[in-house]
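Dear colleague,

I am passing on the structure we spoke about, and I would be grateful if you could look through it alongside the notes that follow.

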Amino acid sequence: MKKTLLSLVILFGSANLLKAQTVDEIITKHITARGGADKLNSIKSITTENSMNTQFGDFENKMIVVVGKAMRSDTKLMGNEMIQAFDGTTAWMLMPSMMGGSGEPEAAPAEMTSGIASQTDPFPMLDYATKGTKLELLGTEKVKDKDAHHLKMTSKDGIISEVWIGVENSLVAKIKATQNGQEAELFFSNHKETDGVNFPMTMETSNPMAGTITIDTKTVTLNGVIDENIFKLPKK
(Lines give C-alpha, C1' and ligand atoms only; values in the text may rest on other atoms or scores of the structure.)
Protein backbone atom coordinates (compact mmCIF):
# COMPACT_ATOMS: atom_id res chain seq x y z
CA MET A 1 0.00 0.00 0.00
CA LYS A 2 2.78 2.41 0.96
CA LYS A 3 4.64 1.59 -2.24
CA THR A 4 1.49 2.27 -4.29
CA LEU A 5 0.98 5.65 -2.62
CA LEU A 6 4.64 6.54 -3.08
CA SER A 7 4.43 5.60 -6.76
CA LEU A 8 1.36 7.81 -7.21
CA VAL A 9 3.10 10.74 -5.51
CA ILE A 10 6.16 10.33 -7.72
CA LEU A 11 3.98 9.97 -10.81
CA PHE A 12 1.95 13.06 -9.93
CA GLY A 13 5.09 15.09 -9.23
CA SER A 14 6.72 13.94 -12.46
CA ALA A 15 3.63 14.92 -14.44
CA ASN A 16 3.65 18.41 -12.94
CA LEU A 17 7.37 18.76 -13.63
CA LEU A 18 6.89 17.62 -17.21
CA LYS A 19 4.10 20.15 -17.67
CA ALA A 20 6.25 22.97 -16.24
CA GLN A 21 9.14 21.97 -18.48
CA THR A 22 6.82 21.96 -21.50
CA VAL A 23 5.61 25.50 -20.74
CA ASP A 24 9.16 26.72 -20.19
CA GLU A 25 10.30 25.09 -23.42
CA ILE A 26 7.53 26.82 -25.37
CA ILE A 27 8.36 30.19 -23.81
CA THR A 28 12.11 29.76 -24.33
CA LYS A 29 11.53 29.08 -28.03
CA HIS A 30 9.17 32.06 -28.21
CA ILE A 31 11.68 34.46 -26.64
CA THR A 32 14.39 33.16 -28.99
CA ALA A 33 12.08 33.70 -31.98
CA ARG A 34 11.41 37.28 -30.86
CA GLY A 35 15.14 38.04 -30.79
CA GLY A 36 16.51 36.53 -27.61
CA ALA A 37 16.32 37.56 -23.94
CA ASP A 38 19.42 39.79 -24.03
CA LYS A 39 18.13 41.72 -27.03
CA LEU A 40 14.63 42.15 -25.62
CA ASN A 41 15.95 43.27 -22.25
CA SER A 42 18.05 45.95 -23.99
CA ILE A 43 14.96 47.67 -25.39
CA LYS A 44 14.00 50.78 -23.42
CA SER A 45 11.40 52.25 -25.77
CA ILE A 46 9.37 51.28 -28.83
CA THR A 47 7.67 53.69 -31.22
CA THR A 48 5.36 52.36 -33.93
CA GLU A 49 3.47 54.15 -36.68
CA ASN A 50 0.37 52.27 -37.75
CA SER A 51 -2.55 52.46 -40.13
CA MET A 52 -5.99 51.26 -39.01
CA ASN A 53 -8.54 49.98 -41.50
CA THR A 54 -12.17 49.94 -40.27
CA GLN A 55 -15.63 50.03 -41.80
CA PHE A 56 -15.63 53.78 -41.08
CA GLY A 57 -12.42 54.42 -43.03
CA ASP A 58 -8.66 54.39 -42.60
CA PHE A 59 -6.99 56.10 -39.65
CA GLU A 60 -3.42 56.83 -38.57
CA ASN A 61 -2.04 55.81 -35.20
CA LYS A 62 1.22 56.38 -33.36
CA MET A 63 2.11 54.43 -30.24
CA ILE A 64 5.04 55.14 -27.92
CA VAL A 65 6.02 52.77 -25.10
CA VAL A 66 8.70 53.37 -22.49
CA VAL A 67 9.13 49.78 -21.38
CA GLY A 68 7.83 49.16 -17.87
CA LYS A 69 7.08 52.85 -17.31
CA ALA A 70 4.71 54.63 -19.66
CA MET A 71 2.77 54.51 -22.91
CA ARG A 72 0.78 56.78 -25.22
CA SER A 73 -1.37 55.96 -28.23
CA ASP A 74 -2.56 58.77 -30.57
CA THR A 75 -5.14 58.04 -33.25
CA LYS A 76 -6.35 60.55 -35.81
CA LEU A 77 -9.84 59.85 -37.08
CA MET A 78 -12.29 61.97 -39.04
CA GLY A 79 -10.53 65.18 -38.11
CA ASN A 80 -10.49 64.26 -34.43
CA GLU A 81 -7.81 62.93 -32.11
CA MET A 82 -8.18 60.02 -29.68
CA ILE A 83 -5.55 59.46 -26.99
CA GLN A 84 -4.89 56.74 -24.44
CA ALA A 85 -1.93 57.17 -22.11
CA PHE A 86 -0.30 56.02 -18.87
CA ASP A 87 2.43 57.95 -17.06
CA GLY A 88 3.43 55.19 -14.65
CA THR A 89 0.76 56.15 -12.13
CA THR A 90 -2.28 57.57 -13.89
CA ALA A 91 -4.10 56.22 -16.93
CA TRP A 92 -5.91 58.89 -18.91
CA MET A 93 -7.69 59.36 -22.22
CA LEU A 94 -9.08 61.86 -24.65
CA MET A 95 -12.21 60.61 -26.36
CA PRO A 96 -13.86 62.72 -29.10
CA SER A 97 -17.44 63.81 -28.49
CA MET A 98 -18.44 61.98 -31.69
CA MET A 99 -17.50 58.76 -29.85
CA GLY A 100 -19.33 59.64 -26.66
CA GLY A 101 -16.39 61.28 -24.92
CA SER A 102 -15.99 64.75 -23.48
CA GLY A 103 -13.40 65.86 -26.03
CA GLU A 104 -11.07 66.78 -23.14
CA PRO A 105 -8.20 64.87 -21.46
CA GLU A 106 -9.52 63.03 -18.39
CA ALA A 107 -8.66 60.12 -16.10
CA ALA A 108 -9.56 56.77 -17.62
CA PRO A 109 -12.39 54.73 -16.08
CA ALA A 110 -11.28 52.09 -13.60
CA GLU A 111 -12.26 49.22 -15.92
CA MET A 112 -9.89 50.56 -18.59
CA THR A 113 -6.91 51.41 -16.38
CA SER A 114 -5.33 47.95 -16.15
CA GLY A 115 -5.64 47.40 -19.90
CA ILE A 116 -3.92 50.70 -20.69
CA ALA A 117 -1.19 50.20 -18.07
CA SER A 118 -0.45 46.65 -19.26
CA GLN A 119 0.67 48.01 -22.61
CA THR A 120 3.89 49.25 -20.99
CA ASP A 121 5.10 45.63 -21.14
CA PRO A 122 5.52 44.70 -24.82
CA PHE A 123 7.10 41.34 -23.91
CA PRO A 124 4.88 39.92 -21.14
CA MET A 125 6.34 36.42 -21.37
CA LEU A 126 9.94 37.60 -21.01
CA ASP A 127 11.13 36.65 -17.49
CA TYR A 128 7.49 35.88 -16.70
CA ALA A 129 8.21 34.05 -13.43
CA THR A 130 10.22 37.02 -12.11
CA LYS A 131 7.24 39.27 -12.89
CA GLY A 132 4.98 37.01 -10.84
CA THR A 133 3.09 35.81 -13.90
CA LYS A 134 1.75 32.26 -14.02
CA LEU A 135 1.43 30.28 -17.26
CA GLU A 136 -0.63 27.16 -17.80
CA LEU A 137 -0.56 25.02 -20.93
CA LEU A 138 -4.12 24.21 -21.99
CA GLY A 139 -3.32 22.19 -25.10
CA THR A 140 -2.73 22.58 -28.82
CA GLU A 141 -5.33 24.14 -31.12
CA LYS A 142 -5.68 25.48 -34.64
CA VAL A 143 -5.37 29.22 -35.25
CA LYS A 144 -6.22 29.98 -38.84
CA ASP A 145 -5.41 26.40 -39.90
CA LYS A 146 -2.04 26.30 -38.12
CA ASP A 147 -1.21 24.48 -34.89
CA ALA A 148 -0.64 26.67 -31.85
CA HIS A 149 0.09 26.09 -28.17
CA HIS A 150 -2.79 27.47 -26.08
CA LEU A 151 -1.69 28.99 -22.77
CA LYS A 152 -3.50 30.71 -19.93
CA MET A 153 -1.60 33.67 -18.51
CA THR A 154 -2.37 35.11 -15.06
CA SER A 155 -0.55 38.26 -13.97
CA LYS A 156 0.53 38.91 -10.39
CA ASP A 157 -2.49 41.24 -10.14
CA GLY A 158 -4.83 38.39 -11.10
CA ILE A 159 -5.53 39.60 -14.64
CA ILE A 160 -6.21 36.60 -16.86
CA SER A 161 -5.57 36.42 -20.60
CA GLU A 162 -5.03 33.63 -23.10
CA VAL A 163 -2.28 33.37 -25.70
CA TRP A 164 -1.71 31.06 -28.65
CA ILE A 165 1.91 30.54 -29.77
CA GLY A 166 2.55 28.98 -33.17
CA VAL A 167 4.05 25.49 -33.05
CA GLU A 168 6.02 26.08 -36.23
CA ASN A 169 7.40 29.60 -35.73
CA SER A 170 7.09 30.02 -31.91
CA LEU A 171 5.50 33.46 -32.40
CA VAL A 172 2.21 34.73 -30.98
CA ALA A 173 -0.69 33.96 -33.31
CA LYS A 174 -3.60 35.05 -31.14
CA ILE A 175 -4.42 36.70 -27.82
CA LYS A 176 -7.72 36.82 -25.94
CA ALA A 177 -7.83 39.54 -23.32
CA THR A 178 -9.99 42.24 -21.79
CA GLN A 179 -9.44 45.49 -23.67
CA ASN A 180 -11.10 48.75 -22.64
CA GLY A 181 -13.43 46.80 -20.39
CA GLN A 182 -14.48 44.35 -23.13
CA GLU A 183 -13.16 40.92 -24.06
CA ALA A 184 -11.34 40.95 -27.39
CA GLU A 185 -9.59 38.45 -29.64
CA LEU A 186 -6.54 39.68 -31.53
CA PHE A 187 -4.85 37.80 -34.37
CA PHE A 188 -1.20 38.50 -35.30
CA SER A 189 0.60 37.84 -38.58
CA ASN A 190 3.18 39.16 -41.06
CA HIS A 191 6.07 38.99 -38.61
CA LYS A 192 9.19 40.95 -39.57
CA GLU A 193 12.46 41.90 -37.89
CA THR A 194 13.54 45.39 -36.85
CA ASP A 195 17.06 45.67 -35.46
CA GLY A 196 17.06 41.95 -34.68
CA VAL A 197 13.67 41.94 -32.93
CA ASN A 198 10.65 40.20 -34.42
CA PHE A 199 7.37 42.14 -34.51
CA PRO A 200 3.94 41.20 -35.90
CA MET A 201 3.26 43.84 -38.53
CA THR A 202 -0.44 43.00 -38.93
CA MET A 203 -3.09 42.67 -36.22
CA GLU A 204 -6.77 41.88 -36.75
CA THR A 205 -9.63 42.15 -34.28
CA SER A 206 -13.38 42.68 -34.36
CA ASN A 207 -15.69 44.97 -32.44
CA PRO A 208 -19.50 45.00 -32.28
CA MET A 209 -19.52 48.72 -33.10
CA ALA A 210 -16.59 49.00 -35.54
CA GLY A 211 -16.69 45.52 -37.12
CA THR A 212 -13.38 44.05 -38.29
CA ILE A 213 -10.35 46.23 -37.60
CA THR A 214 -6.99 45.63 -39.29
CA ILE A 215 -3.91 47.40 -37.95
CA ASP A 216 -0.81 47.44 -40.15
CA THR A 217 2.46 48.60 -38.61
CA LYS A 218 4.41 50.75 -41.06
CA THR A 219 7.49 51.60 -38.98
CA VAL A 220 9.09 50.40 -35.74
CA THR A 221 11.73 52.48 -33.94
CA LEU A 222 13.64 51.07 -30.98
CA ASN A 223 15.31 53.11 -28.23
CA GLY A 224 14.49 56.47 -29.75
CA VAL A 225 14.64 59.75 -27.82
CA ILE A 226 11.36 60.19 -25.92
CA ASP A 227 10.03 63.28 -24.14
CA GLU A 228 8.39 61.69 -21.10
CA ASN A 229 6.22 64.77 -20.50
CA ILE A 230 3.91 63.56 -23.28
CA PHE A 231 2.62 60.79 -20.99
CA LYS A 232 1.31 63.13 -18.29
CA LEU A 233 -2.35 64.08 -18.05
CA PRO A 234 -2.57 67.72 -19.25
CA LYS A 235 -3.71 70.21 -16.63
CA LYS A 236 -7.01 71.94 -17.34
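The second largest pocket holds about 330 Å³ of space, a value computed, like everything below, on a predicted model. Its lining is made up of 17 residues, of which Val143, Lys146, Asn169, Ala173 and Phe188 are the closest to the centre of the pocket. Sorted by character, the lining residues comprise 8 that are nonpolar, 4 that are polar and 5 that are charged. Two or more lining residues are given by each of the elements β8 (146-154), β10 (172-179) and β11 (182-194), and the largest share, 4 residues, comes from β11.

Since β11 contributes that largest share, I also followed the strand pairing that leads away from this element. Strand β11 runs antiparallel to β12 (residues 197-207), and the two are joined by 7 bridges; within this pairing, Ser189 has Thr202 of β12 as its bridge partner. The connection between β11 and β12 is a hairpin with 2 residues between the strands, and Asp195, which lies in the turn, has a positive phi of about 50 degrees.

The pairing then continues on to a further strand, as β12 is joined by 6 bridges to β13 (residues 211-222), again in an antiparallel arrangement. Here the bridge partner of Asn207 is Gly211, which belongs to β13.

When you open the model, you may wish to begin with β11, which both lines the second largest pocket and pairs with β12.

With best regards

Note on methods
Residues are numbered from 1 along each chain as its sequence is written. This is a predicted model: local features need pLDDT of at least 70, side-chain atom pairs count only at pLDDT 80 or more; totals for chains, interfaces and linings use all residues. Side-chain values use heavy atoms; hydrogens and water are left out. On a 1 Å grid over the protein atoms alone, a cavity is a set of points where a 1.4 Å probe fits but cannot get out, and a pocket is an open set with protein on both sides within 12 Å along at least five of seven lines; lining residues have an atom within 4 Å of a point. Grid points are joined across faces, edges and corners, and a volume is the space filled by probe spheres set on the points. Ala, Val, Leu, Ile, Met, Phe, Trp, Tyr, Cys and Pro count as nonpolar, Asp, Glu, Lys and Arg as charged, and the others, Gly among them, as polar. Two strands pair if DSSP finds at least two bridges between them.
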